[in-house]
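Here is a friendly walk through one protein model, starting with its charged pairs and moving outward to the fold as a whole. Please keep the structure open beside the text.

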Amino acid sequence: MPSLHAVDTKHDKPFEAAFIMAGAMLTLPLMDAAAKFLALNEAMAPGSITFLRFALQTLICVPILIAAGGISALRPNNWSYNLLRGILIGCASALFFISVKYVPIADAIAIFFVEPFILTALSALILGEKVGWRRWLAIAVGFIGALMVIQPNLVRFGLVSLLPLGTATLFAFYLILNRVLAARDTSLVMQYSAGVGGVIALGFAMAVGSALGVTDLTWTPPGSTLAVVLLLAIGLISTFGHLLVVTAFRHAPASLLAPFQYFEIISAVAIGFLIFDEFPSLSKWLGIAIIIGSGLFILWREQRNKAKL
C-alpha cells in the first residue's frame with residue numbers, strides 16, 4: 001500500500017492543471033441539475049440516480065480500457081485505495097443528490113464550498129503540504145461565509161441542508177487520494193475503479209435504505225425516455241468531468257487546486273435560475289463572496305510564496 005506522503009511532483013504543471021480544474025468545475029453542475037430534474041419531475045430516488053451514475057461510468061470506461069490494453073488494463077496498481085476512492089465519491093454524490101432534491105443547487109454548492117478548506121487542512125495533515133497561519137485564518141473566514149449560507153437553509157429546509165457538508169468532507173478525502181494515486185494509475189483506470197467502488201457503496205446503501213423504508217435510498221428505475229437520456233447524460237458528464245479532475249490533480253498540489261472549485265457557482269447559479277427559477281438571496285451572495293474571497297486569498301498566497309522561491 002503506497003504512502004500517503006509519496007506524491008510525485010516531477011511532472012507538475014500548475015497553470016495547465018488550474019485551467020483543467022476550472023473546466024471540470026464549470027461542467028459538473030450540469031450533472032446536479034439533471035439529477036434534481038429526475039428527482040422532482042421523474043420521481044426517481046436520488047440513491048437510484050447515483051447508483052446508475054456510477055454503473056454508467058463503469059460501463060463507459062470498461063470497453064475503452066479493454067480496447068487500449070486488454071483485460072489486464074482493468075486492474076489498477078492499488079485496488080484498495082481505488083475502491084476507497086469510489087466508496088467516498090459514491091457516498092458524497094448520494095448525499096449531494098439528496099440535498100439538491102430539496103435545496104436550490106446554488107445553495108447546496110455554496111454550502112459544499114467548505115470543501116476546499118477541508119482539503120487544504122487535509123493536505124497539511126495527510127500529505128504534509130505546508131499550510132501557514134494566514135491560510136488557516138482564510139479557512140476560518142471561509143467557514144463563517146458557509147454558515148451565512150447554511151443558516152437560512154437550515155431554518156427553511158431542516159437538517160437536509162447540512163448534507164452538502166457531509167459531501168464536502170467525503171469529497172476532500174477523495175481528492176487527497178486522487179493526488180496520491182495519480183502517479184500510479186492512469187486517469188481512466190482511476191475513473192473505472194471509482195465507478196466500481198461507487199456501485200458497491202450505493203448498492204449497499206440502497207439495500208439498507210429499502211429495508212428501513214428510506215425513500216431517497218430505494219430503487220426506482222427510469223420511467224420515460226427523457227429519464228433514460230438524462231441518466232446517460234449524467235454518466236457521461238460524471239465520467240468526463242472527473243477525468244478532468246483526476247488529470248488536474250496529477251499535475252498540481254491539492255492546496256493549489258482547491259480554490260478553483262469555486263467556478264462551480266457560476267454555472268450552478270445560471271442553471272438554477274434558467275431551469276428551476278432559483279436565485280440566491282442577498283445574504284447568501286454575501287456568504288458566497290466571503291467563501292470565494294477566502295479561497296482566492298489562499299491561491300494568492302500560494303502564488304506569492306512560489307514567486308519567492
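The count of salt bridges in this predicted model comes to 2, where a salt bridge is a side-chain nitrogen of Lys or Arg within 4 Å of a carboxyl oxygen of Asp or Glu. Local features need a pLDDT of at least 70 and side-chain atom pairs count only at pLDDT 80 or more, while totals for chains, interfaces and linings use all residues. Residues are numbered from 1 along each chain as its sequence is written, and side-chain values use heavy atoms, with hydrogens and water left out.

**The two salt bridges**

Side chains of opposite charge can pair when their charged atoms come close. One such pair is Glu278 with Lys36, at 3.2 Å from N to O. Glu278 sits in the loop between helix 12 (264-276) and helix 13 (282-308), and Lys36 belongs to helix 2 (residues 29-41), so this bridge ties together parts that are 242 residues apart in sequence. Both Glu278 and Lys36 are buried; here buried means under 20% relative accessible area, exposed means over 50%, and partly exposed is in between (1.4 Å probe, protein chains only).

Lys101 and Asp216 form a salt bridge as well, at 2.8 Å from N to O. Lys101 is part of helix 4 (residues 79-102), while Asp216 is in the loop between helix 9 (187-212) and helix 10 (225-250), so the pair links parts 115 residues apart in sequence. Lys101 counts as partly exposed because its relative accessibility is 21%. Asp216, at 9%, counts as buried.

**The fold as a whole**

What are these helices part of? The protein has 13 helices and 0 strands, and its elements run α-α-α-α-α-α-α-α-α-α-α-α-α from the N terminus on. Helices (H or I, at least four residues) and strands (E, at least two) are DSSP runs, numbered from the N terminus.

For 309 residues, a compact globule would have a radius of gyration near 19 Å, and the value for the protein, 19 Å, agrees with that. This radius is taken over C-alpha atoms, and the globule rule is 2.2 Å times the number of residues to the power 0.38. Along the principal axes, the C-alpha atoms fill a box of roughly 60 × 55 × 35 Å.

Of the 309 residues, 54% count as buried. Among contacts between residues at least 6 apart in sequence, 88% join residues at least 24 apart, a contact being heavy atoms within 4.5 Å. The accessible surface comes to about 12900 Å², and 73% of it belongs to carbon and sulfur atoms; these areas come from the Shrake-Rupley method with a 1.4 Å probe.

**An enclosed helix**

Where does helix 5 (residues 105-112) stand in this picture? In helix 5, 8 of the 8 residues are buried, so the helix is largely enclosed by the rest of the structure. The buried residues of helix 5 include Ile105, Asp107 and Phe112.

**Two loop residues with positive phi**

Most residues other than glycine have a negative phi. Ala43 and Asp277 are worth a look on this point, and the table sets them out.

| Residue | Phi | Location | Relative accessibility |
|---|---|---|---|
| Ala43 | near 55 degrees | loop between helix 2 and helix 3 | 60%, exposed |
| Asp277 | about 55 degrees | loop between helix 12 and helix 13 | 65%, exposed |

**Some positions and distances**

Lys13 is placed in the segment before helix 1 (14-27) and is partly exposed, with a relative accessible area of 45%. The C-alpha atoms of Lys13 and Asn41 are separated by 43 Å, with their positions 28 residues apart along the chain.

Asn78 lies in the loop between helix 3 (46-69) and helix 4, and it is buried, with a relative accessible area of 9%. Its C-alpha atom is separated by 9.8 Å from that of Ser193, 115 residues apart along the chain.

Finally, Leu163 is found in helix 8 (residues 163-181) and counts as partly exposed at 22% relative accessibility. Which residues does Leu163 touch, not counting residues up to four places away in sequence? The answer is Leu95, Ile98 and Ser99. The C-alpha atoms of Leu163 and Phe143, 20 residues apart along the chain, are separated by 15 Å.
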